[in-house]
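Let's take a walk through this one together, strand by strand and then out to the charged side chains. Keep the viewer open as you read.

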Amino acid sequence: MCEVIRLDINEDYAYTGIIKAGDFCFLNFCVGNVGGTIEQQINGAFDEMEKRLAMLGLTLENVIHMDCLFRDVWNIPVMEKIIKERFHGKYPVRKSIQTEFAHSGGPDGLQFQVDAVAYNV
């Protein structure tokens with residue numbers, strides 16, 4: 001039987017930042033640089049993802065699936081450029097979704113969030 005490991009727990013909002021279950025790791029609500037440009041927010045989200053993955057000795061190259069949430073889905077090309085810079089050709093499968101974020105920053109705050117699954121090889 002595999003152990004479930006929960007790390008980066010947020011008691012205020014009742015979520016876990018990363019869960020390891022067997023060979024898979026599940027990450028949610030990776031955001032960063034809220035209020036900054038879309039480039040800053042995408043890089044900030046990937047910085048947060050890297051920080052959580054490092055808790056389990058993993059990197060962005062272990063990520064196999066991403067759900068990318070945008071306030072404006074027309075920013076996908078910005079994300080694709082950043083993915084090319086940061087994932088070194090080991091691209092995960094992904095989908096992009098446009099949404100209105102329920103976030104304290106309102107329309108000028110959160111522009112991008114990413115949830116992901118990583119494989120612990």
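A good place to drop in is Asp-115, which sits in strand β6, the stretch covering residues 112–119. Bear in mind that what you are looking at is a predicted model. What does the side chain of Asp-115 reach? The backbone nitrogen of Phe-29, at 2.7 Å. Asp-115 is buried, yet no salt bridge goes with it: the nearest side chain of opposite charge belongs to Arg-52, and that is 6.7 Å away. Since a salt bridge here needs a nitrogen and a carboxyl oxygen within 4 Å, that pair doesn't make the list.

Look at what surrounds Asp-115. If you skip its neighbours within four places in sequence, its contacts fall into two runs of numbering: Leu-27, Asn-28, Phe-29 and Cys-30, and then His-65, Met-66, Asp-67 and Leu-69. The strand pairings give these numbers a home. Residues 24–30 make up strand β3, and residues 63–70 make up strand β4.

Now zoom out to the sheet. Six strands form an open sheet with mixed pairing, and the order across it is β1-β2-β3-β6-β4-β5. The edges are β1 (4–10) and β5 (93–98), each of which pairs on one side only. Ignoring direction, neighbouring strands in this sheet are turned by 10° against each other on average. As a reminder, strands of a sheet pair through backbone hydrogen bonds, in either a parallel or an antiparallel way.

In that order, β6 comes between β3 and β4. On one side, β3 and β6 pair in the antiparallel sense over five bridges. On the other, β4 and β6 also run antiparallel, joined by seven bridges. Which residue of β6 is the bridge partner of Met-66? That is Ala-116, and Ala-116 is the bridge partner of Leu-27 as well. So if you want a single row to trace across the sheet, Leu-27 to Ala-116 and Ala-116 to Met-66 will do nicely. You can even stretch the row one strand further, since Ile-18 has Leu-27 as its bridge partner in β3.

That last step takes you into β2 (residues 15–21), which runs antiparallel to β3 and is joined to it by four bridges. The two strands form a hairpin with two residues between them, and Gly-22 in the turn has a positive phi of about 65°.

Next, the helices. Helix α2, residues 76–86, packs on the sheet and touches β4, β5 and β6, with its direction at about 150° to that of β5. Helix α1 covers residues 38–54 and includes Asp-47. Asp-47 is partly exposed, at a relative accessible area of 41%. Its C-alpha lies 8.5 Å from that of Val-31, although the two are 16 residues apart along the chain. Gln-40 is found in α1 too, and it also counts as partly exposed, at 41% relative accessibility. Leaving out neighbours within four places in sequence, Gln-40 is in contact with Gly-32 and Asn-33. Between the C-alpha atoms of Gln-40 and Gln-111 there are 10.0 Å, against a gap of 71 residues along the chain.

Finally, the charges. How many salt bridges does the structure hold? There are 10. One of them joins Arg-94 and Glu-80, at 3.0 Å from N to O. Arg-94 lies in strand β5 and Glu-80 in helix α2, so this pair ties together parts that are 14 residues apart in sequence. Arg-94 is partly exposed at 35%, and Glu-80 is partly exposed at 31%.

Another links Glu-100 to Arg-71, whose closest N and O atoms are 2.8 Å apart. Glu-100 comes from the loop between β5 and β6 and Arg-71 from the loop between β4 and α2, so parts 29 residues apart in sequence are tied together. Is each partner buried or exposed? Glu-100 counts as exposed at 62%, whereas Arg-71 is buried at 11%.

Glu-61 and Lys-90 meet in a salt bridge as well, at 3.8 Å from N to O. Here the loop between α1 and β4 is tied to the loop between α2 and β5. Both residues are partly exposed, Glu-61 at 36% and Lys-90 at 46%. To finish, find Asp-8, Glu-48, Lys-51 and Arg-52, which are linked in a network of salt bridges.

Definitions and conventions:
Residues are numbered from 1 along each chain as its sequence is written. This is a predicted model: local features need pLDDT of at least 70, side-chain atom pairs count only at pLDDT 80 or more; totals for chains, interfaces and linings use all residues. Side-chain values use heavy atoms; hydrogens and water are left out. Buried means under 20% relative accessible area, exposed over 50%, partly exposed in between (1.4 Å probe, protein chains only). Lys and Arg count as positive and Asp and Glu as negative; His and the chain ends are not counted. A polar contact is a pair of N or O atoms within 3.5 Å; within protein, one must be able to donate a hydrogen and the other to accept it, and residues adjacent in sequence count only if both atoms are side-chain atoms. Contact means heavy atoms within 4.5 Å. Two strands pair if DSSP finds at least two bridges between them. Axes are lines fitted to C-alpha atoms, for helices over the stretch in contact, and angles run from 0 to 180 degrees between N-to-C directions.
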